[in-house]
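Hi,

Here is the structure I promised to send over. Have a look at it first, and then read on for what I found.

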Amino acid sequence: MTETAIEAAGLGMRFGRRGKPALDGCAFRIPAGAVCAVVGPNGAGKSTLLSLAAGLARPTAGTLTVLGRSPAEVRARVGYVAQDKPLHLQLTVAETLRWGRELNPGRWDDEVAERIVAEGELDPEAKIRTLSGGQRTRVALALALGKRPELLLLDEPMADLDPLARHQLMASLMADAAGHGTTVVMSSHVVAELEGSCDHLLLLGAGRVRLAGPLDDVLAAHRLVTGRADASLEPHTVVESRTTGRSLTALVRPEGPLDAGWQDTAPTLEELVLAHLGAPQAPALLLDDVREAAV
Ligand SMILES: Nc1ncnc2c1ncn2[C@@H]1O[C@H](COP(=O)(O)OP(=O)(O)OP(=O)(O)O)[C@@H](O)[C@H]1O
């Protein structure tokens with residue numbers, strides 16, 4: 001078995017006594033070196049999961065191990081960019097990077113931090129409070145990468161970047177992660193930006209794991225089929241289906257060969273995610289080698 005970056009068993013998180021838990025009975029394993037997309041609708045528990053992995057809070061049920069230890073024990077080896085990207089507003093860009101270097105003695109990588117900032121043409125003497133949202137994101141990413149983490153946790157990192165900056169920063173990030181064998185776990189609503197860079201998938205819905213495993217395996221377990229609306233899809237598992245006139249399109253998990261009447265193609269990541277977002281009751285598929293049921 002490959003080494004494990006993050007492993008959850010029966011993981012639950014409840015804020016307060018009332019209401020639904022933010023995470024409930026989650027079991028999954030993300031291998032070391034993976035680039036894992038964490039997707040799911042608003043309120044699914046993505047940020048909660050990332051903040052638990054960053055050691056900022058403790059789960060109220062189950063276990064979560066990061067790099068084989070409790071999250072709080074490995075904080076120095078983990079980079080985390082939260083959704084709101086907290087930075088000291090009164091510091092300049094250069095002072096922020098110096099602060100990163102002082103906080104991470106023996107680990108800090110000046111070259112990568114300065115390159116990320118330089119690629120955005122940021123003035124090192126500019127105060128953080130004068131930067132745009134996207135420019136602050138760049139500084140937060142430079143801080144997280146400069147720490148030279150073994151695991152990088154990114155909560156919707158690209159949300160406020162323009163398309164070109166997003167494309168360029170993503171490419172930089174992925175090249176750096178691949179070069180250093182960094183595990184990246186990244187939540188995003190922009191599935192298109194994950195396509196081509198992720199090799200592992202974790203789809204959450206209402207605090208539970210709906211899909212988990214190597215992306216190729218998860219994709220290969222599904223087919224997008226089109227056929228006559230009155231044809232049967234038995235015995236296959238139908239994740240989501242739509243009827244337009246006499247024709248039916250469905251995302252299915254085949255339980256054997258499909259009848260010749262169906263035309264089928266491999267779904268893209270976006271088609272897979274959209275279908276699951278539209279079908280929150282679809283049965284979960286857990287292809288990580290965790291034995292514990294998450295449903
Ligand atoms: N500090 C908190 N106190 C109380 N409830 C919280 C807290 N943080 C999150 N929650 C609740 O936990 C659930 C999961 O929230 P979370 O932010 O993890 O979802 P998310 O998948 O990241 O959503 P989004 O896509 O909107 O960012 C939501 O119902 C949210 O209201």
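One definition before the tour: the domain bounds I use come from an automatic or database domain assignment. Please also keep in mind that this is a predicted model.

**Two domains**

The protein splits into domain 1, residues 4-215, and domain 2, residues 216-283. Taken over C-alpha atoms, the centres of domain 1 and domain 2 are 32 Å apart. Where they meet, 15 residues of domain 1 are in contact with 11 residues of domain 2. On the domain 1 side, the elements giving two or more residues are helix 6 (191-194), strand 8 (200-205) and strand 9 (208-214). Strand 9 has the largest share of that side, with four residues. As for the chemistry, the side of domain 1 that touches domain 2 has 11 nonpolar residues, two polar and two charged.

You may also want the database view. UniProt, in an unreviewed entry, lists residues 6-231 as "domain: ABC transporter". In the model, that span is 31% helix and 27% strand, and its end C-alpha atoms lie 43 Å apart.

**Around the ligand**

Which residues surround the ligand? They are Phe-15, Ala-22, Gly-40, Asn-42, Gly-43, Ala-44, Gly-45, Lys-46, Ser-47 and Thr-48. Sorted by class, this shell has six polar residues, three nonpolar and one charged.

**Two open sheets**

One open sheet is made of three strands in the order 2-1-4, with antiparallel pairing. Strand 2 (23-31) and strand 4 (61-66) each have a single partner strand, so they stand at the edges and one side of each has no neighbour in the sheet. From one strand to the next, the twist averages 10 degrees. Strand 1 (residues 4-13) and strand 4 run antiparallel and are joined by five bridges. If you want a pair to click on, Glu-7 has Thr-65 in strand 4 as its bridge partner.

There is also an open sheet of four strands, in the order 11-12-10-13, and here too the pairing is antiparallel. Which strands stand at its edges? Strand 11 and strand 13 (263-265) do; each has a single partner strand, so one side of each is left without a neighbour in the sheet. The twist in this four-stranded sheet averages 20 degrees from one strand to the next. Strand 10 and strand 13 run antiparallel, with three bridges joining them. Leu-224 is the residue to look up there, with Thr-265 in strand 13 as its bridge partner.

**Two backbone oddities**

Most residues other than glycine have a negative phi, and most peptide bonds are trans. Two spots in this model are worth a look with that in mind.

Arg-148 has a positive phi, near 50 degrees, although it is not a glycine. You will find Arg-148 in the loop between helix 4 (133-146) and strand 6 (151-155).

Further along, Glu-234 and Pro-235 are joined by a cis peptide bond, with omega at about 0 degrees. Pro-235 sits in the loop between strand 10 (223-228) and strand 11 (237-244). Strand 10 and strand 11 both belong to the four-stranded sheet described above.

Cheers

Technical notes:
Residues numbered from 1 in each chain as written. Predicted model: local features only at pLDDT ≥ 70, side-chain atom pairs only at ≥ 80, totals over all residues. Near = placed C-beta within 6 Å. Nonpolar A, V, L, I, M, F, W, Y, C, P; charged D, E, K, R; others polar. Contact = placed C-beta atoms within 7 Å. Pairing = 2+ DSSP bridges. Axes fitted to C-alpha atoms, helices over the stretch in contact; angles between N-to-C directions. UniProt positions renumbered as here; feature names shortened; annotations may be inferred.
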